[in-house]
Amino acid sequence: MASAAFFSTCLLANKNYLFLAPTNASAKGYISNLRVPNLASIVLRNERFVRLRGLVAMVDEGASKVSDDDSRMKIPHVLTVAGSDSGAGAGIQADLKACAARRVYCSTVITAVTAQNTVGVQGVSNVPEDFVAEQLKSVLSDMEVDVVKTGMLPSIGIVKILCNTLKEFPVQALVVDPVMVSTSGDVLAGPSILSTFREVLLPMADIITPNLKEASALLNGMQLETVDDMRSAARLLHNMGPKNVLVKGGDLPDSSDAVDILYDGLNFYELRSPRIRTRNTHGTGCSLASCIAAELAKGYPVVSAVKVAKRYVETALGYSKEIGIGNGPQGPFDHLLRLKSHSQDCHRQRPFSPSDLFLYAVTDSRMNKRWGRSIADAVKAAIDGGATIVQLREKDAETKDFLESAKACLRICRSHGVPLLINDRVDVAIACDADGVHVGQSDMPAHVARTLLGPEKIIGVSCKTPEQAQQAWVDGADYIGCGGVYPTNTKENNTTVGLDGLKTVCTASKLPVVAIGGIGVSNAGAVMEIGVPNLKGVAVVSALFDRESILTETKKLHSVLLGSNVGGT
Ligand SMILES: Cc1ncc(COP(=O)(O)OP(=O)(O)O)c(N)n1
Ligand SMILES: Cc1ncsc1CCOP(=O)(O)O
Ligand SMILES: [Mg+2]
């Protein structure tokens with residue numbers, strides 16, 4: 001293990017650069033094992049912090065790359081200073097999820113641990129003040145924090161520690177969510193803290209985000225019942241020192257809209273949106289403030305940050321209306337808009353298996369039109385005949401119609417345990433939650449599709465050469481479609497690779513392969529006879545869908561394939 005002792009000499013240290021040299025041969029060996037070509041390149045350039053500790057930690061962990069400034073990408077960074085919510089709807093957990101959803105890095109300083117669920121807060125244990133200080137120093141002395149966002153600050157001491165630490169380690173912006181009472185009505189910061197908020201914290205804030213109760217508490221119990229009251233409150237709170245005040249009117253009685261007032265000392269902005277009627281509002285305040293912090297960390301001005309944050313929370317609330325977590329009156333919502341598609345669906349996507357490629361049915365809108373069938377009917381017939389995977393290749397369809405058909409086909413496919421892929425259209429695959437996509441060399445690159453679709457979706461790539469097959473593997477594809485093996489009328493200007501070309505691609509490929517192009521009942525056996533283990537099946541368009549009976553033709557092809565030597569199955 002390399003450690004700090006290996007770095008004895010600080011050749012030059014000033015505000016901007018720190019050069020390190022190892023003390024002995026074993027350190028040099030260690031460094032060269034890490035493929036750092038030149039020690040002089042270990043230059044840590046940072047206006048604010050010298051990262052010796054971070055560097056040694058990286059070396060200790062055997063990281064393969066020691067800090068190379070030019071290749072480091074600055075990621076917007078929010079530090080949340082808040083309490084933990086064991087139910088994970090609010091607090092630190094909400095902040096982490098909101099920042100992840102907004103694509104911002106989020107570090108955490110925990111001020112208190114709450115035992116909490118959808119019913120209420122059953123217990124609170126404050127983190128010792130010294131340890132809050134230690135967490136703050138750890139993060140702020142090493143990581144480049146852009147914006148600090150505060151939530152539950154349960155003691156006067158913690159507020160003071162935070163403010164003093166921020167003077168030592170200044171950040172671009174401070175977002176203060178003056179949490180006092182949880183959504184369930186439990187007290188999270190008592191009234192004794194109000195004067196410290198007013199005198200110490202608020203003057204440092206770039207924006208504060210009180211709800212009506214919090215605004216009222218900060219203003220000595222002022223009645224807030226109308227939008228005009230909110231404007232007055234925003235002005236009075238602004239007089240306490242924060243640069244911007246967002247008074248949230250979520251609790252305003254008798255309003256069909258959710259109205260928030262933003263005041264920057266000059267202008268009032270009345271931000272209105274339709275009120276979303278849902279039980280799942282636990283954590284909206286924390287999430288809104290975190291999202292504002294995230295947008296500020298990206299460099300957006302306050303007004304845009306607040307508008308984006310409001311839109312984000314509304315979208316998530318609307319999406320999460322039917323989600324049922326916990327039995328209490330206030331449930332959490334889904335920050336990442338990802339939970340629903342899997343929960344309601346009794347027929348979920350199952351993991352991809354190469355043997356799925358055995359009888360691969362590829363639809364064609366023109367053929368279905370010619371035979372007067374819907375895509376869904378065609379898909380159903382192919383599955384009944386033995387298709388083991390289906391691809392919707394609807395080149396002429398309008399997007400709206402295509403999406404509706406895809407949803408209908410997905411229901412059929414899922415109920416039969418058959419994967420459904422979408423040709424070319426990654427957007428449609430995402431919109432209907434299909435099992436994956438098939439892309440060609442001139443379509444969206446597979447690595448981009450993988451980023452958009454996530455790790456579990458199936459991605460197939462068309463390849464005619466070993467180089468393309470290698471690239472498909474590197475890009476994270478699951479299988480390769482190789483062809484046209486034989487001449488075809490289905491795809492124009494498509495060069496034919498023949499059985500030899502197919503064999504060359506299969507041999508070069510680390511991925512399973514399906515053959516395509518001019519394949520049908522008469523020649524499927526010959527294709528499979530080339531006898532390479534990773535050739536797993538045939539993909540067929542016209543031999544199934546340009547026929548009177550899809551069912552009959554699929555059954556015939558199925559029995560031909562069963563009689564042939566399909567690699568590895
Ligand atoms: C299984 C399978 N293999 C190859 C293709 C062809 O895809 P691509 O090269 O993108 O051409 P189009 O199908 O988009 O015309 C495929 N669709 N399926
Ligand atoms: C989409 C595609 N990619 C290579 S050949 C081909 C068309 C296959 O259609 P058919 O099975 O009717 O020959
Ligand atoms: Mg394509």
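Reader: Which strands each supply at least two residues of the shell around ligand 1?

Author: Strand 15 (436-439) and strand 18 (513-516). Strands are DSSP runs of E, at least two residues; helices are runs of H or I, at least four; both are numbered from the N terminus. The shell holds residues near the ligand, with a heavy atom within 4 Å of it.

Reader: What kind of model is it, and how is it numbered?

Author: This is a predicted model: local features need pLDDT of at least 70, side-chain atom pairs count only at pLDDT 80 or more, and totals for chains, interfaces and linings use all residues. Residues count from 1 along each chain as its sequence is written, chains are lettered from A and ligands numbered from 1 in written order, and side-chain values use heavy atoms, without hydrogens and water.

Reader: Back to ligand 1. Which residues come nearest?

Author: R393, K395, D443, S462 and K491, out of 16 around the ligand. The shell divides into 5 nonpolar, 6 polar and 5 charged residues. Nonpolar means Ala, Val, Leu, Ile, Met, Phe, Trp, Tyr, Cys and Pro; charged means Asp, Glu, Lys and Arg; the others, Gly among them, are polar.

Reader: Which polar atoms does N423 bring to ligand 1?

Author: An N or O atom in the N423 side chain sits 3.0 Å from an oxygen atom of ligand 1. That is a polar contact (N or O atoms within 3.5 Å). Q391 has a polar side-chain atom 2.9 Å from a nitrogen atom of the ligand. G440 uses a polar backbone atom, 3.0 Å from a ligand oxygen. The protein buries 91% of the 420 Å² that ligand 1 exposes alone. Such areas use the Shrake-Rupley method with a 1.4 Å probe.

Reader: And what surrounds ligand 2?

Author: Its shell includes R393, K491, N494 and I516. It divides into 3 nonpolar, 6 polar and 2 charged residues. The T490 side chain has an N or O atom 2.5 Å from a ligand 2 oxygen. For S542, a polar side-chain atom lies 2.6 Å from an oxygen of ligand 2. The protein covers 92% of the 370 Å² that ligand 2 has on its own.

Reader: New topic. How many helices and strands does the protein have?

Author: 21 helices and 19 strands. Of its 569 residues, 51% are buried, meaning under 20% relative accessible area (1.4 Å probe, protein chains only).

Reader: What feature does UniProt place at residues 359-544?

Author: The unreviewed entry gives "domain: Thiamine phosphate synthase/TenI". Such annotations may be inferred rather than shown by experiment. Over those residues the chain is 42% helix and 20% strand. The end C-alpha atoms are 11 Å apart.

How values were computed
Polar contact = N/O pair within 3.5 Å; in protein donor to acceptor, adjacent residues only side chain to side chain. Buried < 20%, exposed > 50% of the residue type's maximum accessible area, 1.4 Å probe, protein only.
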